[in-house]
Amino acid sequence: MHLIPILLVLVSAFSSIQAVTPANSKLFREYIGAEGKGVRFSDVPVNSKVEVHFILSFAIDYTSSSSPSPTNGLFKAYWDEDNLSPSHVSATKALHSNVKVCISLGGDTIRGQNVFFKPRSINSWVSNAISSLTKIAREYDLDGIDIDYEHFDADTNTFAECIGRLLSHLKEQKIVSIASIAPYDNDSVQPYYLALWRKYGHLIDYVNFQFYAYDKGTTISQFLDHFETQSSKYRGGKVLVSFGTDGSGGLSPENGFFEACSKLRHAKKLHGIFIWSADDSKKAGFPYEKQSQTFLAITK
């Protein structure tokens, strides 16, 4: 009489074990277009042995006036559209079958002022966001969406519901297939992303954790501790490691970033690497983009 329930329990347990089985990834992601430095997709090296995601930065629901104000989910492109246009996207994808293109929402500032997540209501923001982002996604043939709000004029539940419902619609309607979030270790930021994760984590493919927001001079052991801490918060998620090429903090390539990655790879916890940002890397000729992708290409 109890065979069927027991079988279901065993299948469920096996599925759970499978879901958390450690595995490495050959995923490289990079933010691009936020700083107006004329960088193009074609400037950035692409290794055919890794999966490369370019993340257009940023789509913002603010007006484009000299004194920008929130538009309640009506998003516009604020990246360098002259050099990162729909035709540039299609040319890059035609040239590289391993390239996908995403957009990031929010960001830190616009015209020197903070970008706030400030919906008038959940329903109206979601409706506007679905409409405006669907249009952008189709125009640019986008594969994914990244959430990078860093300032908030709403409670955590409102953020979780707005973003969660947006991601749910975009994925269900196959407007995008990839979703990521970009939190960092700050008491005014993390609670919003953790609220989103708790309720809608099943929709989020990657956690682009901003490890470069930690102090400069972060050591390898500190970096690995940070990774374990954040992985426990976003339990079951694919937390990507990161560094900045803008002189920001965290563990830099010069100070052992790739040694830390080797340790994670050995433990089968290397879910991918991302860099902020291509704009900052352009001047030096993208040496760390090459190194990151070469490193990932030999990952097993």
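**Why these labels fit: a cavity, a helix and some ring pairs**

Tutor: This predicted model holds one cavity of 30 Å³ or more. Ask me about any of the labels.

Student: What makes the largest cavity count toward the 30 Å³ mark?

Tutor: Its volume is about 40 Å³, and the mark is 30 Å³ or more. The lining is made by Ile103, Leu133, Thr134, Ala137, Leu142, Gly144, Ile145, Leu170, Ile175 and Val176. Helix H3 and strand S8 (144–149) are the elements that give two or more residues to it, and H3 gives the most, with three.

Student: How do you know which lining residues are nonpolar, polar or charged?

Tutor: Ala, Val, Leu and Ile are among the nonpolar types, while Gly counts as polar. On that basis the lining divides into eight nonpolar, two polar and no charged residues.

Student: How do you know how the span of helix H3 compares with the expected one?

Tutor: H3 covers residues 122–140, 19 in number. The expected span is 1.5 Å times one less than the number of residues, which comes to 27 Å, and the helix reaches 26 Å from its first C-alpha to its last, so the two are close. Among its buried residues are Trp125, Ile130, Leu133, Thr134, Ala137 and Tyr140. Just after the helix, Asp141 takes a positive phi of about 55°.

Student: Why is the pair of Tyr212 and Phe274 called edge-to-face?

Tutor: The ring centres lie 6.0 Å apart and the planes are at 75°. Centres within 6.5 Å make a pair, and planes over 60 degrees apart make it edge-to-face, so both conditions are met. Tyr212 sits in the loop between strand S11 (206–208) and helix H6 (220–233), and Phe274 in strand S13, so the pair ties together parts 62 residues apart in sequence.

Student: What makes Tyr212 count as buried or exposed?

Tutor: Buried means under 20% relative accessible area. Tyr212 is at 9%, so it counts as buried. Phe274, at 0%, counts as buried by that cut-off too.

Student: Why is the pair of Phe243 and Phe258 given its label?

Tutor: Their ring centres are 6.2 Å apart and their planes at 70°, so this pair is edge-to-face. It links distant parts of the chain, with Phe243 in strand S12 and Phe258 in helix H7, 15 residues apart. Both Phe243 and Phe258 are buried.

Student: Which cluster do ring pairs link Phe243 and Phe258 into?

Tutor: The cluster also includes Phe209, Phe211, Tyr214, Phe223, Phe227, Phe257, Tyr288 and Phe295. Phe295 is one of the buried residues of helix H9 (residues 287–297).

Terms used: Residues numbered from 1 in each chain as written. Predicted model: local features only at pLDDT ≥ 70, side-chain atom pairs only at ≥ 80, totals over all residues. Heavy atoms only, no water. Buried < 20%, exposed > 50% of the residue type's maximum accessible area, 1.4 Å probe, protein only. Helix = DSSP H or I, 4+ residues; strand = E, 2+ residues; numbered from the N terminus. 1 Å grid on protein atoms, 1.4 Å probe; cavity = no way out; pocket = protein on both sides within 12 Å on 5 of 7 lines; lining within 4 Å. Points joined across faces, edges and corners; volume = space filled by probe spheres on them. Phe/Tyr/Trp six-rings, centres within 6.5 Å; stacked < 30°, edge-to-face > 60°.
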